[in-house]
Amino acid sequence: MVEIERWLLPEGIEELLPPEAERLEGVRRRLLDQFSAWGYRLVIPPLVEYLESLLTGTGNDLDLKTFKLTDQLTGRLMGVRADMTPQVARIDAHRLNQAGPTRLCYLGTVLQTRPSTHGGTRSPMQVGAELYGHAGPAADQEVLRLMVETLRGAGLERVYLDLGHVGIYRALARRAGLAGDTENRLFDALQRKAVPEIDTILAEADADDRAAAALLRRLVDLNGGPEVLAEAEQVLAAAGDDVLAALANLRQVAGAVAGRQDVEIHVDLAELRGYHYHTGVVFAAFVPGQGQAVAQGGRYDDIGRVFGRARPATGFSVDLRGVLALVAAEPAPIRGIFAPWSDDPALAEMVAELRRGGDRVIQQLPEQPGGAADLGCDRQLSLENGRWQVVAVG
């Protein structure tokens, strides 16, 4: 009989030890303060929900990532949250029910059946912000700026932004009258920049509007710096008002961070990340040397419709643990006060006063081996002239 190694964790499930846990907690607090300064109020969604609520509007990908279980009280199927965005949308639409713009933020662990990348975690710590109730580009601009500041607050100094707009593809595909299967195949080929395959699909397609179908082919070439938007306006000049409006919207959002020395912008009109979920501008952040996005977001209007209240919505999310893995950790300074073991009430009061003032005080235990330096303390309490004093460790 093989003995079970009880200390092993499931693959893709990790635990954080000091000082990593303390480092993450410090960043977590800093980011929540930052969100608050921007007017975003914290919500804490439940770990599990009924499945039909948890998967609302998110497509099949999230369904496959969600652990499912049966509620023993009702017999209904529940899921462990794999993404908190649908939960926050439910809170806005059903619980808060505010008339004007609502700014919400969240931070917590999610659980996924499979990692997003090979060898990655299945329990990311997701942090994000959502802005509901405003359909204009100003809301997208604010969320994009906040995403950049969030990454900077987590320690990433250099960020590349990849911007797109799913509305352009949607409008052209609708105008071309592509059948559902053809549109899905074309969508997949565009994501892979598979030009020969794109040409074959469009050549064989029974399109209602061949001119619109030809413009779909041009999307794969419209990528580069922000200047590509001017080219896109010329190429897509006859594509219709909805396409031109989407391009104008994209230009305004790109302008929110254009010119910042620490942010480089790349525009890709064939980038349709979250196509079945997003409805407008989409964006993702990358850092040098990493092929996977470190943050992503965009507009996803009307997600609250199934909760009884359709609302414009835009937001972003970040895997905080993933980001911190990319940031070099600075050695934590040795800070603390060592207090010897004593029944002296004056010492107990001194220790309590120091802790109230924010100092880290470690009380020695009877017969405890080691001293101040062993416990990471740079100071200690010493009885001098009948009074307890804080002195440097010699």
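Modeller: Let us begin with a convention: an angle over 145 degrees between two directions counts as roughly antiparallel, and one under 35 degrees as roughly parallel. Please also bear in mind that the model before us is predicted.

Colleague: At what angle do helix H10 and helix H11 pack?

Modeller: Helix H10 (residues 228-235) and helix H11 (residues 241-254) meet at an angle of about 170°, and their axes lie 10 Å apart. That angle is over 145 degrees, and the two helices are therefore roughly antiparallel to each other. On the H10 side the contact is formed by Leu229, Ala230, Ala232 and Glu233, and on the H11 side by Leu244, Leu247, Leu250 and Arg251.

Colleague: Before we continue, what pLDDT does the protein average?

Modeller: The general caution is that predicted coordinates should not be read in detail where pLDDT is low. Here the average is 91, and 98% of the residues score at least 70. Among the elements, helix H3 (residues 60-65) has the lowest mean, 82, whereas strand S1 (residues 41-42) has the highest, 98.

Colleague: How many helices and strands are there in the protein?

Modeller: There are 13 helices and 16 strands. The protein has 394 residues, of which 46% count as buried. Its C-alpha atoms fill a box of roughly 95 × 55 × 50 Å along the principal axes. Among contacts with a separation of 6 or more, 67% are made by residues 24 or more positions apart.

Colleague: In what order do the strands of the nine-stranded open sheet stand?

Modeller: In general, the strands of a sheet pair through backbone hydrogen bonds, either parallel or antiparallel. In this open sheet the order is S1-S5-S6-S12-S11-S10-S7-S9-S8, and the pairing is mixed. S1 and strand S8 (223-224) occupy the edges with a single partner strand each, so one side of each has no neighbour in the sheet. Helix H5 (residues 137-153) packs on this sheet and touches several strands, including S10, S11 and S12; the direction of H5 makes about 10° with that of S12.

Colleague: Is strand S11 largely enclosed or open?

Modeller: Strand S11 (residues 295-299) has four of its five residues buried, so the rest of the structure largely encloses it. Strand S10 (residues 281-286) pairs with S11 in the antiparallel sense over four bridges. Strand S12 (residues 313-319) also pairs with S11 in the antiparallel sense, over five bridges.

Colleague: Which residues stand opposite glycine 297?

Modeller: Phenylalanine 283 faces glycine 297 across the pairing of S10 with S11, and phenylalanine 316 in S12 stands opposite glycine 297 as well. Glutamine 296, in turn, stands opposite serine 317 in S12. As a general guide, side chains in a regular strand alternate between the two faces of the sheet.

Colleague: Which residues have the most contacts inside the largest nonpolar core?

Modeller: The general idea is that nonpolar side chains tend to be buried together in soluble globular proteins. The largest nonpolar core here has 81 residues, and those with the most contacts inside it are Tyr169, Leu236, Leu269 and Leu320. Leaving aside residues up to four places away in sequence, leucine 236 touches Ile168, Leu172, Leu215, Leu219, Leu222, Val243, Leu244, Leu247 and Leu269. A second core of 13 residues is separate, and Val43, Tyr106, Tyr132 and Tyr277 are among its members.

Colleague: What is the phi of asparagine 97, and what is the phi of glutamate 367?

Modeller: Most residues other than glycine have a negative phi, and most peptide bonds are trans. Asparagine 97 nevertheless has a phi near 55°, and glutamate 367 has a positive phi of about 60°. Asparagine 97 lies in the loop between helix H4 (85-96) and S5, and with a relative accessible area of 48% it is partly exposed. Glutamate 367 lies in the loop between strand S14 (361-363) and strand S15 (379-384); its relative accessibility is 83%, so it counts as exposed.

Colleague: Which peptide bond is cis?

Modeller: The bond from proline 18 to proline 19 is cis, with omega near 0°. Proline 19 belongs to the segment before helix H1 (20-37).

Colleague: Finally, where is asparagine 184 found?

Modeller: Asparagine 184 is in helix H7 (residues 180-191), and its relative accessibility of 41% makes it partly exposed. The C-alpha atoms of asparagine 184 and serine 317 are separated by 26 Å, the two residues being 133 residues apart along the chain.

Definitions and conventions. Residues are numbered from 1 along each chain as its sequence is written. This is a predicted model: local features need pLDDT of at least 70, side-chain atom pairs count only at pLDDT 80 or more; totals for chains, interfaces and linings use all residues. Side-chain values use heavy atoms; hydrogens and water are left out. Buried means under 20% relative accessible area, exposed over 50%, partly exposed in between (1.4 Å probe, protein chains only). Two strands pair if DSSP finds at least two bridges between them. A nonpolar core is a set of buried Ala, Val, Leu, Ile, Met, Phe, Trp, Tyr and Cys residues joined through side-chain atoms within 4.5 Å. Contact means heavy atoms within 4.5 Å. pLDDT is the predictor's confidence in each residue, from 0 to 100. Axes are lines fitted to C-alpha atoms, for helices over the stretch in contact, and angles run from 0 to 180 degrees between N-to-C directions. Angles under 35 degrees count as roughly parallel, over 145 as roughly antiparallel, 65 to 115 as roughly perpendicular and the rest as oblique.
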